[in-house]
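Hi there,

Here is the structure I promised to pass on to you. Have a look at it first, and then read on for what turned up.

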Amino acid sequence: MTGLHYHYQVPGDDFTRAGEASGAVKGLLKRLGLDPEVIRKLSIALYEGEINMVIHGGGGEIDVDIGPAGITAVLADHGPGIPDVDKAMEAGWSTAPDYVRNLGFGAGMGLPNMKKYADGLSVDSRVGEGTVVTIVVHTAPQGL
Amino acid sequence: MTLRDVKTILDADLVFGQDLLNHTVNTACGSDMMSDVLAFVKDQAVLITGLVNQQVIRTAEMMDMVCVVFVRGKQPDQAIVDLARDRNIAVMTTTHRMFTACGLLYQGGLKGGTHIQ
């Protein structure tokens with residue numbers, strides 16, 4: 001099986017569209033017939049990341065690679081970056097403005113939740129340049 | 001119970017999902033914070049909320065939920081209904097408040113599902 005690659009643009013100026021890419025990926029994974037639990041884990045982690053991109057990063061790009069061993073999603077924005085990634089990984093810590101909480105998000109659960117659902121998560125952030133989040137979900141048993 | 005039972009118990013109006021009314025559901029959750037739904041909910045089929053925006057439907061979609069109930073008489077706009085239709089997620093509205101809606105469904109047999117630490 002060769003790998004499949006998909007690219008999505010995430011607009012940063014329209015919160016109502018946040019999640020379009022994640023929804024498209026979920027539909028794609030369903031059509032490919034992947035295990036429902038794999039789809040669920042990737043979808044939730046990706047959706048959280050996409051919401052973060054819109055709230056904090058001003059939008060960006062998502063690249064999804066589907067291979068024999070798993071799915072890798074790379075979310076890249078050119079927002080302000082995260083000054084303290086370790087702090088951002090703490091449950092309940094949030095810099096989201098009040099209007100975001102009124103929209104049902106910004107409880108400081110985004111990155112911790114992504115970590116919970118992903119088999120692998122890395123956050124590479126540079127203040128003033130942007131953030132790259134990589135989510136990995138395995139589709140096959142890992143080596144012994 | 002079925003979604004038809006949910007509709008009856010809550011005296012709800014069905015906005016979308018006539019074909020889904022015979023779907024059996026066993027669990028539900030109630031929240032206005034989609035962050036919490038994504039973080040703490042597992043295996044729930046019905047989302048009860050007073051939040052009205054498209055992210056409610058997207059959250060339900062990601063969590064594999066089959067029905068969203070808007071409480072306090074909140075009415076979804078056409079874009080929300082269209083998204084729910086596209087994702088095949090039933091949408092209902094009830095004038096009950098959140099606490100009452102959850103209580104009625106719990107009394108009727110719906111459970112909270114898996115407890116997540």
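Let's start with some vocabulary: Ala, Val, Leu, Ile, Met, Phe, Trp, Tyr, Cys and Pro count as nonpolar, Asp, Glu, Lys and Arg count as charged, and the others, Gly among them, count as polar. Please keep in mind that this is a predicted model.

Those classes help with the largest pocket. The residues of its lining divide into 16 nonpolar, 13 polar and two charged. The space in the largest pocket comes to about 510 Å³. It is lined by 31 residues, and Asn52(A), His56(A), Ile82(A), Thr95(A) and Leu111(A) are the closest to its centre. If you want to find the lining by element, look in chain A at α2 (36-56), β3 (70-77), α5 (110-117) and β5 (130-138), each of which supplies at least two residues. Which of the elements gives the most to this lining? That is α2(A), with seven residues.

Next, try the place where the chains meet. Here 26 residues of chain A are in contact with 23 residues of chain B. Between them the two chains bury about 1900 Å², and 52% of that lies on carbon and sulfur atoms. On chain B, Leu38(B), Gln55(B) and Met62(B) supply 33% of the area that this chain buries against chain A, more than any other three residues.

There are polar links across the interface too. The rule finds 16 residue pairs in polar contact between chain B and chain A, both residues being at pLDDT 80 or more. On the side of chain B that touches chain A, the elements giving two or more residues are α2 (34-40) and α3 (54-62) of chain B. By class, that side has 10 nonpolar, five polar and eight charged residues.

Finally, the salt bridges. The whole structure has 10 of them over all chains, and one is found across the interface of chain B and chain A. Which residues form it? The side chains of Lys26(A) and Asp64(B) meet there, at 2.6 Å from N to O. Lys26(A) sits in helix α1 (residues 20-31) of chain A, while Asp64(B) lies in the loop between α3 and β4 (67-70) of chain B.

Enjoy exploring!

Methods:
Residues numbered from 1 in each chain as written. Chains lettered and ligands numbered in written order. Predicted model: local features only at pLDDT ≥ 70, side-chain atom pairs only at ≥ 80, totals over all residues. Heavy atoms only, no water. 1 Å grid on protein atoms, 1.4 Å probe; cavity = no way out; pocket = protein on both sides within 12 Å on 5 of 7 lines; lining within 4 Å. Points joined across faces, edges and corners; volume = space filled by probe spheres on them. Helix = DSSP H or I, 4+ residues; strand = E, 2+ residues; numbered from the N terminus. Contact = heavy atoms within 4.5 Å. Buried area = accessible area lost by both parts, 1.4 Å probe. Salt bridge = Lys/Arg side-chain N within 4 Å of Asp/Glu carboxyl O. Polar contact = N/O pair within 3.5 Å; in protein donor to acceptor, adjacent residues only side chain to side chain.
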